[in-house]
Every structure is written in C-alpha cells, then in structure tokens.
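Trainee: I am new to this structure and would like a close look at a single part of it. Could you walk me through one sheet, strand by strand, and then show me what lies around it?

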Amino acid sequence: MEDAATSSGGRSIDIELGGQEVITIDLDNLDPNPEDVLDLLKEGQCRVSVWTRLAGEYWRRGYLAAAERIAQAAIESLQANGATASSPPIYALLANIQIALAQKAPKVVLGDAREDKLAGERTKEEYYKEAAQYLNSGERAAAEGGEGVGGTLAFLTRGIQQLATRSMDDALRSFEGVLAVKPTNLVALLGKARILYARRSYPQALKLFQNVLQLNPSCLPDPRIGIGLCLWAMDHKAKAKAAWQRSLEVNPSQWPAQLLLGLESINASKAENQPEAIRAQSFLAGTKFIEKAFNANQKSAAAANALCELFLRKGSYKRALKLAERTIQFADTLTLLTEGYLRAARVLHAEGSLAQATKYYTLATEGQPKHVMGAIGLAQMQMQNDEMAAAIHTLDTLIQPPNPQRSVEATVMLASLRAHPRPGVSSSDVTQEKAKARELFDRASKTLELEDTRATNGHTGRAVAHHINEDMDMHAEIARLWQDESLERTSRALKEALRISEASERVDPRLLNNLGALQHMEGNLEQARVMYEGALTKAAGLGSEVGEGMSTSILYNLARVYEDSGDTVMAKEAYDKLVARHPEYVDAKIRQAQMLANLNQSNEAHELLKQALASQNSNLNLRAFYTYFLIQSNLPKPAKDFVFATLKDHDKYDVYSLCAAGWIMYHQSRESRDSSSKGMEERKRGFQRSAEFYDKALQLDPLCAVAAQGLAIVTAEDALGTLSGSVPPSSAADEAQRRLKNARDALDVFAKIRESLSDGSVYVNMGHCYYARDEFDRAIESYETASLRFYDGHNVSVLLCLCRSWYAKANKEQSFAGMRTSLKYAEMALHIQPNDKAVMYNIAMIQQKAAELLFGINPTKRSLKDLEWAISQAGHAQRLFGSLAADQSPLVPYSREIADQRRKYGESMLRRGDEHLATQKQVEAEAQAKLDAARRKRQEEKERLQALEHERMEELRKQAEKLAEERRIAREQALEWTREVQMESDEERERKSKRAPKKVKVEGESGDEGAEPKKKRRGKLKKANDQADENGQLFSDEEADSKPAKKRGVKKRVVRDDDDQEAAGGPRKKHFKSKEILSDTDDEEMS
Amino acid sequence: MSLAFLNALECTEPHADAIWDIAWTANDTAVSVSADGTVKQWDSTSGQISKSRPPHTLAIVSLSVSPDGRHALYNSLDGTTCLWDLQDDNILGQHASYDRAVEGAEPSWSVSLNPKGGTYAGTSGSGNVNIYSANPDSFGSRQLVLSSGRNKHGMDCKYSPDGSRIALATETGQVFIFELESGTLTSTYSTHAMAVRSLSWSADGQLLLTASEDKRLILHDVRSGPSGKPGSGAVATLTGHSSWVLSTDISPDGRLAVSGSADKTIKVWDLAARTAVSTIQDSGEVWAVAWRPKPSATGSAGAFVSGGEDGRVRWWRSAGAGS
C-alpha cells in the first residue's frame, strides 16, 4: 500500500495511470457501480493492494457484488499481467466474500416450503465450496509464485472457512497458527473465542472476548456479544444483559445484541414472581427488540426463530410458518434447526395440517430424539392418527435411559396413554400397563410435589407444573387406575380432583358420586349420603340427557345408602322412582325384591325378579341374585335348575354360579336320606361334583373365598370319603385320626378365608372344626365370635352350637357350671325360636345330665346347694321328658321312645338323689366340723400368743419404770453433790441443771440430724475439689453412700482426678457419674 | 316434635340374666320376669325389691298383671304358669301346661290375665289360644280353645282392656282377633310376614299395635263396624328400628307408644304423627317395655319402665314433667 498515498483529509486512494496520470478515488464517496473504477484499475495495471483495498472498501459499504467483481477483475488483470504470484490476497478476499455470502444464504432449501420460498437460491454449501476453491486457487498461485504457502491472511481465511463449515478442530489449529505469529490478531482471537464458546469453555472464551475488546473497543463483530453470551452461559444474567446493552449503544445497527436482548426480555416476562404489569412490559420490549433484530437481518435463523414464536403465540400462523421455514432453511446448528422444525410443526398442527405437522415433528425428533416438545408433539400426532403404540414408543424413548428427560408433561401423557386400554392387548398386558401407568403417575406427582414445595419456599414454581397438577381429569384417571388396587389411593386422587373441580365452581357430579361410593364401601354411610345427595343436585343442574343418565345411577347409589342405613322408607321411595322412570332398571328391581324378601314377602319379591329376568335374561348379576333368592327361599330344586341353566346357556365360567352349584350339590347330597345303594352312589357323585364346581371356581378366581370355604367344608366333613360312604368304615381309631386331621386341614383354610371374608359362617365353620377336634374352648370362642360379632346373638343355630359345645366341655371337664351355661344357651335359643321342640328336648337332657354329672363326682368337689338345684332340675326334666314323650303332634324332631327311656333312666337315677343328698350333707357337716375345729384351734392359739405378748410388754414396762426410778435417784444424788460443792444461788443452779440435759438430748437424737453435717461436707466437696485432702474426702463421701460396689471406681477416680485436676471445674457430679459407668467397663481393662 | 325421656331410676339389684317381660302395676310397682327364672316386684320410687319369687327351674318368658295391680301371672319357658298374689306374696295357683297327662294339653308360651278376672289366656305352639281358669281352686283347668286354624306358634296374646276380645300374634306374623263371647275369630291381619313378638291394645280398644321381627311396628284399626265387619286394618307403619322390634306398649292416653328393639334402643312414637319422637340407646336388647298405667299429669308425656339383656329394670319419665 505504500504507493497509495492517503491524503490527510478524506480517505482516498490514488491510482497511477501509465506512470504520469494520477487519479484519486474518494473512498468515502464510492460509486455503487464499480464499472468505471474497474476500467480505471485495469488500465492502470494496479498492484494487488490497490485492488484489494478497493474491493475491501466496496465490501465494507455493503456492495458485496461490486467487491466480488473487482476481485474477479483483479485476478483477470493480474493473470493478464503475468503477476499471478501476487494474486493470493485476491483469492483470500474472494473466499471471504463467498463466506459472507454463505452467511446470508440458506442452509437448505425446502422444496415444499409454503411461505418462505427460496427456490433457486444458492445454499451455504455451494458458497463454502466456492470459498474453498478460491482458497485452493490462492494457495496454488502462491505456490506457483514461489512465495510459499501460508501467511496470516491465508491462515485466517482458511480458519474462517473451517469455522463456518464447523470443522472446529481445523479452525482452531488455523487460528492458533495465526496467533502464534501475531498474538493480537483480532480475527484469530475472535475465531478462537467462538470455538471455545461452542465447546462450552465459557470462562476461557470470555477471557478472549474481553481481550479483543481491550485491543479494539470498536471491533466488529462486537466482542461484547460474545462476552454477554459467555456470561449468560455462566449464569451471570444481569452482567450479560449489561454487555449486550452496551453493545447496542456502541453499534445501534447491529442485530445480534437486539435479538439477544429481546430474548432476554421475553424470558424475563415469564418469571412468575414478577407483577403482571412488569411482565407485560418486558414482553413488549422483547418483542420490539426481536422485530428490530429480524428487520436488521432477515436471514438470521435465530431472529426468525424468536420472531416465529411471537407470531405463533399471536396466532398469525401464515407469518409464523414463513419464519419457521426461514429458520429451518437458514439454521446452521442442530438446536436451531430442531426449533424451526418444531415451530413449523406447531403452526401446521394448530392449522390442522396434520400430515405436514407429523413430518416436521418427525424431522425434529429424528434430529434430537430427546427433545421434549418434539416427542410430545409427535406423540400427539400419533395419537391423532390413532397410533397409540407409536405414541407410547415416542414418549417412552424420551423418558427412558439413555439420557432420560425429566418431563412431567411427557410422563403424565405417557401414563395416561398406558392407562388407556388399547385394542388387541391381552388382559395381562393391560394390568401390566396399568401398573406402569400408576408408577408413571406416581413419579409425575412426586415431581409435582417437589415443584410445589419449591414454589412455596419462594422459588418460582413452574406454571406448567401447577397447570398439570390442576388437571382434574388426570386425578380422575389416577383414581380409576387405583380403584382395583388401593381404595385409599383412589380416594385421595378423587379428593384432589374434587378440590380442583370445586375451585372451578363446576363440580362434576361423577366425582361426588365416586367419592360417595368410596365412603359407602368404607361404611361411612352418613358421608356417603351427603356426597350422593350433593352429586344428585349437581347432576340435576346439568339438565340434559347426560345429567339424566348420571342422576339415575347416583339415585340408585343414594337408595343403596338409605337402605344400608336402615332408612327403608326413603330407599323404597328412591327405587320406586327409579323403576318408574326406567322400568327396565333391573338393579333397582333387584333391590326392591331384596327389600320385600327382607320382610319375608317372598311372593312379591319373586314376582319382581321374574319381571327383571324377562327383561334381561342374560344379566349375570341378576341371575346370581335370583339363585341366591331361590336358595334363601328354601327352593333348592328350582335354584339348582336355574344355576345349571346359567352355566349352560350363559357363562360356564361364572364364578358365582359355580359356587352356587357347588353349594347346591353339596347340600343336596348331604341332606339325602336315601340309603339304597343307588342313592348312596348318587350321593357320592353329588359330593364329587360339588368339589369339582368349587375347584373350577377357584381356578378361575384363586382368591374366591366362598369356593375355598366350600372346599374346606368338603375336607372337614370328609365328604369324598366317610360322608359319602366311599371308604368302608374302618376302625374307630383310624376314623378319629382322620377326623382330627381333616379338621386341622380345614382349619388352616378357614383361617385364611377369615382374612378376606367377613362373615359369621367362617367362624361357625371354624367352631365346627374345633368341635370335631374336641377343642371345645376354641370351638366356643369361634362360635361366640360368630354369634356376637355377626348375628347379634339372634342366630338360633349358632346358639345351639354354643349350647352343644358347652355341654361337651362340661362333660369332659365334669363342670356343673359348664352345664348351666349350656342350659342358658338352650334357653336363649328357645326364647328366640319357641316352636323348636328339639330345643326343649335338649333342655331336659341338659337338666338330667347336670344331675348325673354331680352324682358322679366326689362330694368334696360339689356343694349341697348345687346338688339340690341339680336334683330339682332333673326332677323337672322328668316331667319335660314325660311331656315330650306324650306329644301327639304328627311330627316331632326327636324320638318319643328315647324321651321316654330318658325319663325312665332319670327315674332310676334320681332314686339315688336322697342318698347323694344325705352323703353330701354328712360330708359337708364333717367338713364344717373340721373347719370349725380348726378355726377354734386357731383362735385358741391366737389368744395364747396374745396373752404371752401382753405379759412381755408388762415386763418391759416394769423394767423401764425401774430404770427411770434409778436414774431419778442418781440425778438427785448428783444434784445433792453439786449443791454441796458449789456455793451458788439456788436459782442459778436450777437453770444450769435444766440446760445440761437438754444439750445432751440434742446430741443424742442422732438419726436424721446426724446425717446433716455429713451432707454438708459432701456439698463442700463438690465445690472444693482441688483441696489436697480430696482423696480422703472422696472416700468418706463414698462411705456415707455406703455402696460397696462403687469402691473400685473410687480408686480410679482418685487417679484420674489427679490427672485432670486443672480441668476439673464446676460439674463434679457429672464427672463422677461418667466415671462410674466407665469403671464397669473399659477402665478395668486399662488398669 | 321430639320428646326427651330421662332415666329416672334404676333397680338396685339387677336380675342375674336378661329381663324378658315387665309390667308397671296400678300400685306403682314394677314387676319383672327374667331368664334367670326369677320374678321380682320393685318399688318405683326407690328401685328396691319389694317382693320376689325364688327362681323357677327355667327362664320366665311371659308376664301379665291384673288391672288393680293385685295379681301377677307368669309363665316359664316350659309352660309352667303361676298366679302370684302381689299383696300377700303367695302363689294362688300353679299349672304345668305341658303335662300331657291332661287330654289335649299344650304348653303355654305367652299368657294374659283377663282384666275382668276369673280366667287367663295362653298361646300354644299350634296356633290356639287356650282359656284357663284363674280361680285358685280350679287354676289351670282349660275352659275354651280358640283356634286360629293355622298351626303356628303363638308369640304373644293380650286381652282387650274391656276383656271382650283377645289378640294373638304368631311366629309368621299373622295377627288374629277373637271375640270371647262368641268364641269366634273375627279378624286376621297379615300385615307382617315375620314373627310378631309383641302387641298392645289402646285403652279404648280401638287400636292394636304390633311389633315384628321385620323391624316395623304396625298400627291396626281394630274397631268392629256396626255390621260386625272388622276395622280397616293397618293404618300406620312405624319404621326406624334397625333390628327386630321385641316389645311395645301404647300409653294410657293413647297418644304415644313405646317400643324396645334388638337394635338396643327404645323408641317413643307419636301415634298421631306416626313418627319416632324419642330414641334412647340401651346397652343390649330391650325385651320388655311398659307404660305407667296411671294417666300422666297434664302436659307430661308420662313414664314407662324397661327391661332388657342386662337384667336391669329402668324407669323413664318424660323430661319437663315434675317427678
């Protein structure tokens, strides 16, 4: 440039034409059209520097095309002049021009762009290729010219080219090469800083950017942008903002600062802890910045992207799509590209162009499979297209390792998808999917809770989290997922849903209904009623057909709760209303029938059930209830036909029907009185079929307690063996052995059934088993539980079981009290069911047996009172047996002959009654006599001892008197003696003599008072611990406590105290204690 | 409307077992019979036993006192019927109704003294009401058999206050009314389908209240029309008990009824309004309730006595009425 003299005033360049003419070109006033200049330059055969200077100047002014033409012309000119060797700078310039062009060129050109059509535009790629070619040509020229490859310019250009094409390592090498020669080369420094930034070495990058700024405060591109970015990345957001603001001040026309500030503002507008006004303002400011930035550089993908978001929000889909397409076409990083795809997808999604949206979402997720929004969007598209499995896969990929994304939205979505049953999925898979869904919801709610606590702790909770947590449908879905697993969880989820629903003031009646049902199942009838009633009111408010449908089932539930709380009138009213509204509503009809059956109005109930069956013959619930009704109404034959019809025509896997069939078959066989060989065979067959039915039921539902109980009964009664007569009666011992074992086996099963079946029958069955095992106490316990907890003591057969067990227990234990308890149960049973003559027979039997029992036991073990009572009871039993034997009724549940035999037996037994009474009287008289004698003897002995004691006391008293007398005499003598010796006045002497004994007395009292001084000493010791005679005092203290066990510790204590005498200060007591403890353990080994 | 009844008094020495029937006599004593076989008369001001009978071998199930409060008739589980003179404390008659040495004898269950004296009625297991002599010299001799025609156990029977009719309740819920003079069955009510354990006449003999295991009480209009046709039958159903209704009694003024239930409550009903006006929680089944026969002071709802599973006699009086 040495030829090009620069005038001191304006910037200009002098071109020498032919050696004599000099033309000065004013650089500040360039003609945009370079033609004239070109001619001039060509003519002047200028040197390279002139060409480059001029081209550079054009470039600086933005006349990029002109610059390129100048450069091209330069090359032509140089080649023509044979000065190719000096052409490399031109090539470098050309390469740089290509790179600059590339910056404004699209990365890709979308063939199917709808808004931003760039067809025909050259892509970055092409420009970069050309740049590379120019560079290569430059190098070649340099090589040919023999100037060697290299030089700062070449390196830098190469570096820039490499950076632009993302060959980071190569670029870094190039820049470092330059910096090695020229450490302050700004371009190289900036390049290196950018590379470091891209590699996330923010502090290092920051340093370089700052370095650049120091070297050239007005450097362009502005290093402040880089500084800001580094600071932002290092979480110094305020400083970053300041850097960008400064950049904007310095270069108001530069777009990057505007874009960044705009983004910052918009981000700030999302901070929830700011007042609404400030947020709105930030947003507005941000919008303006971004718009400006975009206007400044319409080819910037980042600006387009940010602006796109704004338009997307505003709903200007057309413009948003254009911007998104621009983003996609110009994006040169993956993130930006993905964003562009997503925005385009969202615009299209919102517009409803789903196919295209899907395409863009797919592209986005292909590029970045872990992008939350991309995955969610794609999943949404897939759901829209009913590709549930694909949607699940998409979301699964997102949140599963590797690199799992923690996205509550995606988690909740996935959970919901998994919870939803899909066609073609097996039932076991459905359960598995549900379990997974529960797990996902759990995870999501944990995250949400976390967010929640963070929010309450003053952190800014994410609006999204809040939004999700307030999604009523999600909670309803969670509730649904748990309803088979944990009612508690269901209830919790429903309550949450209700809370949200209440907040929105449009409470969903279904929620109230479900919560009511849960309360109902828990037995909280009152709460359930309130819930149902609330639901009903809300449902009525809905009006439409939906409301009508809801209120029907809610009213049914309400009626059930009325029924359960005993309000039969309200319940009946509700059922009547339901049936009036929907004559085919069989559930309500079933309840109507049940209520009638409860009043023993079987015919009316039967009529209703027949109607119900006519309308819904294949309703399994209805059929189950009808089976139950027939069995309850004591119609086993129709029940059997009906249940077999159910199994045959409707569902052969119906567990309820299988159990019912099992029960009916068992009952039929058990009650069969046919003793012919054919009858026996049939009986056996019946038992087998019963067991088969139960077994099948258990196969279908392994948790079916009823079937298990049925089988346990089969076991307990040995229905397949002894009871059916299939096993020939063996020896009694074997028989008993088997009975015990069967009962034991059955008990194991009943114990398990008890856990799941809250019914008196289980306890009754257990009682039977214990009874069979002769464990009467346990039998009684089981029966009592059944009677009190389940039947309120009103179940006659259980009362009779208790009667029988007590009878057996009393016989076994020879207990008269047991007999009376047995009698009491019999009386209770008869009182409840007075028509049962068998109970009367049992009463007579117990009365007789009680007397027999007392007759059989040793007189010393019975009382006359009991005996007399028992004899009168037995006497009464005679009359009862007589009455029972003489009963003329056609059917009596006992044998009249045996009653008569019993009476006769009693007669002979009671003949010995008087004899027993006599013996008893004699025995008791003797016993009484013995008792009296003993008592007398004890009395005498006591009196004798008292007399002796009295005597001794008298003796002592006398001795004391004597002693006192002696003392008195001695005192008088002493007094006499002093009187003789001293010549003091009588009064004085009197006083002294009085005082002296007093003093003696005080000292002589010892006991309590004596302890006091010692105590004081101990107190002193605690404070004055550094006294020399400490050891001695310690000992005395210890002795005062008189606990020999501690002595060993004392010695040690002494030693230790010497050691840390200085340290020993106030808390002596504590000190002692710790040592006492130690002395028992470690110290011993140490010493 | 709601009324409050206060537990005014409780007996001092309870029965060893449940009380199964109770009465409040015209002399202001209470008589209770128990499952422990004893019968006790209580002073209604002190709650102390004034007279008692040694225990019978079996539980006593039924009790009936004469309108003048002089006699108490009671019957045991097996059918031993005794007439006790409450004033002189002696047994005027005893009859073993189960003794089938007597032709056609059948054990009595529930017994009722004829308010006019001379006879008593006893229910049997065959749906009959047997009328026996209550005279000490011929005590227990059967004079009349009233047959319902249905072979069902008679759970309760009661003479109408004027002694002209007798009502029988059975284990299947039917209620029969017999005209004594003619010895005919005049009405049958099948309003209950489960056992009716207790029934009570209104003082004017126009209403009969039945208490059933179906948890309900039903009020029957039992007036005979001029043509001799029976009354309109069931006129009100009282629901509210959650288990069997075991006992009932209509107050002397006919306004209220009291009921005892296996749901361990006592309920007082307003018969005109047909609603429960008071519910008292007890500790066990309330087997027996009886109003004080003396009409209450104006403005007072009166007083009644109850006995149940715990063997304690309790006196209740309406709050607000001075004791």
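Mentor: Here is a walk along one sheet of chain B, followed by some other parts of the model.

First, some ground rules. This is a predicted model, in which local features need a pLDDT of at least 70 and side-chain atom pairs count only at pLDDT 80 or more, while totals for chains, interfaces and linings use all residues. Residues are numbered from 1 along each chain as its sequence is written, and chains are lettered from A and ligands numbered from 1 in the order in which they are written.

Chain B has 28 strands and zero helices; helices (H or I, at least four residues) and strands (E, at least two) are DSSP runs, numbered from the N terminus. Of its 323 residues, 58% count as buried. A residue is buried if 20 or more other C-beta atoms lie within 10 Å of its own, exposed if 12 or fewer, and partly exposed in between, with C-beta atoms placed from the backbone.

Now to the sheet. Four strands of chain B, in the order 18-19-20-21, form an open sheet with antiparallel pairing. Two strands pair if DSSP finds at least two bridges between them. In general, strands of a sheet pair through backbone hydrogen bonds, either parallel or antiparallel. At the edges are strand 18 (196–201) and strand 21 (233–238) of chain B, each pairing on one side only. From one strand to the next, the twist averages 25°; axes are lines fitted to C-alpha atoms, for helices over the stretch in contact, and angles run from 0 to 180 degrees between N-to-C directions.

Start at strand 18 of chain B, which pairs with strand 19 (residues 207–212) of chain B in the antiparallel sense over five bridges. Here B:V196 has B:S212 in strand 19 of chain B as its bridge partner. Strand 19 of chain B also pairs with strand 20 of chain B, antiparallel and over five bridges. In that pairing, B:L209 has B:L219 in strand 20 of chain B as its bridge partner. The hairpin of strands 19 and 20 of chain B has four residues between the strands, and B:K215 takes a positive phi near 75° there.

Strand 20 (residues 217–221) of chain B is mostly covered, with four of its five residues buried. Strand 20 of chain B pairs in the antiparallel sense with strand 21 of chain B, over five bridges. Look for B:D221, which stands opposite B:G233 in strand 21 of chain B.

For another covered strand, go to strand 15 (residues 165–170) of chain B, where six of its six residues are buried. B:R165, B:A167 and B:A169 point one way, B:I166, B:L168 and B:T170 the other way, and all are buried. Strand 14 (residues 154–159) of chain B pairs with strand 15 of chain B in the antiparallel sense over five bridges, and B:Y159 stands opposite B:I166. Five bridges also join strand 15 of chain B to the antiparallel strand 16 (residues 175–179) of chain B, where B:I177 is the bridge partner of B:A167. Strands 15 and 16 of chain B form a hairpin with four residues between them, and B:G173 in the turn has a positive phi of about 100°.

Next, find B:A262 in the loop between strand 23 (256–261) and strand 24 (265–270) of chain B. B:A262 counts as buried because it has 24 C-beta neighbours inside 10 Å. Not counting residues up to four places away in sequence, B:A262 touches A:D792, A:H794, B:S243, B:W244, B:L246 and B:E285. Two residues are in contact if their C-beta atoms, placed from the backbone, lie within 7 Å.

That brings us to chain A: 23 of its residues are in contact with 24 residues of chain B. Helix 42 of chain A supplies the largest share of the chain A side, seven residues.

One caution on confidence to finish. Chain A averages a pLDDT of 78, and 84% of the residues score at least 70; pLDDT is the predictor's confidence in each residue, from 0 to 100. Over residues 998–1087 of chain A the pLDDT is below 50, and this stretch has 36 contacts in the model beyond near neighbours in sequence. Where pLDDT is low, the predicted coordinates should not be read in detail.
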